[in-house]
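Student: Hi! I have a new structure to look at and could use some company. Can we walk through it together?

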There are 2 protein chains.
Amino acid sequence: MLSIVCNNLAMASGKATTVRARVREEMTNEIKIVARQHLGVEGANLSLRAVAREMGMASSALYRYFASRDDLLTALIVDAYNSFGEAAENADDENVQPAQRWIAVAKALRQWALNHPHEYALIFGSPVPGYKAPQDTIGPATRTVKVLGRILAANPPISRPGDEIELPPTLEQPISNIAEMIQAGALSTPAMARALAAWMHILGSISFELFGQLNNTIERREEWFEYQTRVMTQLIGLKSE
Amino acid sequence: MLSIVCNNLAMASGKATTVRARVREEMTNEIKIVARQHLGVEGANLSLRAVAREMGMASSALYRYFASRDDLLTALIVDAYNSFGEAAENADDENVQPAQRWIAVAKALRQWALNHPHEYALIFGSPVPGYKAPQDTIGPATRTVKVLGRILAANPPISRPGDEIELPPTLEQPISNIAEMIQAGALSTPAMARALAAWMHILGSISFELFGQLNNTIERREEWFEYQTRVMTQLIGLKSE
DNA sequence: GATTGTCAAGAGCAGTGCTCTCGATTGTGT
DNA sequence: ACACAATCGAGAGCACTGCTCTTGACAATC
């Protein structure tokens, strides 16, 4: 039954190399799927042996596909980043007013986190002990912020009288570098800085809720999150309808 | 040599019960200290056996003092919450202007997190897998926000024209409940809501930096954090200088 | 058809949390 | 002062973990 799944997926992926390569690719995919499931019920401490057991193979055989447990974790992290970024991309609609655009993306990210709590914890939670994030993760990691950058670039924030807190000169360069990276180079540095603050607020707010800090305080979390995000869009200076 | 340390500390602690009780109390303290050190170099996966090894005793003997590894972790979490709250309390100076007060506390919290990264991860990072936060933690957890509440209560935020985003009616009650809890009941609910958003921004910003998301982007992190926090105080409506 | 590369399985090592039992020590009541 | 009870540390042991190495079976290639 495994082979059937493998063949189907191999067909879908399109890469028509040798049969062996296709099977191998499908095996690694299967492993990641099972590992993701185990991550969902077990938490961050993923057991290779348990994954192997569920797949009906010896634990040692897993090492043909992933050099170590950290390697498997890295693969899951990359996938999580991509899935997170994809959620943002799908939620973004260019035909919507800027503030609503930002809020919609933020809500989609929160919903993704609620649907994939352990994968969210994998990328934005405390780093796993012996693990060092490899270079593979920085690409997919920028995918999400690029969506936000697109919103900012398309709708340059209105200047907000009274908000002119002088940006320290030493921060000018790094902030404008970030603006370049997310392809919103036209933004003023204070606007970019406020947008970054809003970004950190989004992640902080999601983490706060997901990691249990909101228990026994606020129950209407969706509304609370949306309200907060709307306040932050006003801080950024995004026009609202 | 261990007994000497124990006696000294027992003298200091003052509780003059039986010798056995004092030694026991000091043993648990000693265990927590060693565990904290191991937490610092090893990360979240704390090894009871390693702690016991370092203390020169059998791993099974540890179970005389902590019923399980989770129990030891809980003790460390409670201590961390208290230490975190204490840092906030010490940083708060009533004779300072409101915005600067808020910023000073925020900076102190960030500094504490930088000095105790693993303890910070313990309380604000992803929850450890099989662990359920017991009731013991909610008391020390509110200690920090009460400091912020004190600042808000002593300096009711000025109303900010243009920021009147209607707070959803369903949020009125929970928000004012929070205001009550942190003893800032006089605050308006929108002001309280904005302060909460600022609080989540602080934690999000610290986590962002501490968990490595800021790598290769911003180097002047102290200035960056302070700038952001100042922006947020303006959002709250705290008077500056 | 023989060779080469790939794969899964098993045994084994060092480590983990945790339980149980067994002496030894200490504290307390008579 | 003595006996009883409570406490404590150590050791063995169980089931589990990540990981390595070796062995044998299979498939692709020349």
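Student: Which helices supply at least two residues each of the surface near DNA strand C?

Tutor: In this predicted model, chain A brings helix 2 (19-42) and helix 4 (59-62) to that surface. Chain B brings helix 2 (19-42), helix 3 (48-55) and helix 4 (59-62).

Student: And which residues come nearest to DNA strand C?

Tutor: Of the 24 residues around DNA strand C, the nearest are Ala58(A), Arg64(A), Leu48(B), Arg49(B) and Arg53(B).

Student: How do the residues of that surface divide into nonpolar, polar and charged?

Tutor: Near DNA strand C you'll find nine nonpolar, seven polar and eight charged residues.

Student: What parts of DNA strand C lie within 4 Å of the protein?

Tutor: Sugar or phosphate makes up 51% of the DNA strand C atoms within 4 Å of the protein, and the rest belong to bases.

Student: Nice, let's zoom in. What does Ser60(A) have close to its side chain?

Tutor: An N or O atom in the Ser60(A) side chain is 2.9 Å from a base oxygen of DNA strand C. Arg49(A) also has a base oxygen of this strand to look at, 3.3 Å from a polar side-chain atom. With Ala58(A), a polar backbone atom is 2.6 Å from a phosphate oxygen of DNA strand C.

Student: Now the other strand. Which residues are closest to DNA strand D?

Tutor: DNA strand D is surrounded by 22 residues, and the closest are Leu48(A), Arg49(A), Arg53(A), Arg69(A) and Arg64(B). Of the strand's atoms that come within 4 Å of the protein, 46% are sugar and phosphate.

Student: Which helices are involved in the surface near DNA strand D?

Tutor: At least two residues each come from helix 3 (48-55) and helix 4 of chain A, and from helix 2 and helix 4 of chain B. By class, that surface has eight nonpolar, six polar and eight charged residues.

Student: What does the side chain of Arg64(B) sit 2.4 Å from?

Tutor: That would be a base oxygen of DNA strand D, paired with an N or O atom of the Arg64(B) side chain. Phosphate oxygens of this strand turn up as well: one is 2.7 Å from a polar side-chain atom of Arg53(A), and one is 2.8 Å from a side-chain N or O atom of Arg24(B).

Student: Changing topic: how are the two protein chains related?

Tutor: A turn of 180° with a shift of 0.0 Å along the axis lays chain B on chain A, with an RMSD of 0.1 Å. The two copies are therefore related as by a two-fold rotation axis.

Student: Which residue of chain B comes closest to that axis?

Tutor: Gly204(B) does, with its C-alpha at 1.8 Å. Also, 100% of the interface residues of chain B are interface residues in chain A too, so the copies meet through the same surface.

Student: What is chain A made of, helices or strands?

Tutor: Chain A has 11 helices and zero strands. Of its 241 residues, 50% are buried.

Student: Is Arg110(A) buried or exposed?

Tutor: Arg110(A) is buried, because its relative accessible area is 5%, under the 20% cut-off. Arg110(A) belongs to helix 6 (residues 98-115) of chain A, and the residues it touches include Glu209(A), Glu222(A) and Phe225(A).

Student: Last one: which residues have the most contacts inside the largest nonpolar core?

Tutor: Those are Tyr120(A), Trp224(A), Tyr120(B) and Trp224(B), in a core of 146 residues. Among the residues Tyr120(B) touches are Phe84(B), Trp112(B), Leu203(B) and Phe211(B).

Methods. Residues are numbered from 1 along each chain as its sequence is written. Chains are lettered from A and ligands numbered from 1 in the order in which they are written. This is a predicted model: local features need pLDDT of at least 70, side-chain atom pairs count only at pLDDT 80 or more; totals for chains, interfaces and linings use all residues. Side-chain values use heavy atoms; hydrogens and water are left out. A residue is near a molecule or strand if one of its heavy atoms lies within 4 Å of it. A polar contact is a pair of N or O atoms within 3.5 Å; within protein, one must be able to donate a hydrogen and the other to accept it, and residues adjacent in sequence count only if both atoms are side-chain atoms. Helices (H or I, at least four residues) and strands (E, at least two) are DSSP runs, numbered from the N terminus. Ala, Val, Leu, Ile, Met, Phe, Trp, Tyr, Cys and Pro count as nonpolar, Asp, Glu, Lys and Arg as charged, and the others, Gly among them, as polar. A nonpolar core is a set of buried Ala, Val, Leu, Ile, Met, Phe, Trp, Tyr and Cys residues joined through side-chain atoms within 4.5 Å. Buried means under 20% relative accessible area, exposed over 50%, partly exposed in between (1.4 Å probe, protein chains only). Contact means heavy atoms within 4.5 Å. Copies are superposed by least squares on the C-alpha atoms of residues with pLDDT of at least 70 in both. Lists of a residue's contacts leave out its neighbours within four places in sequence.
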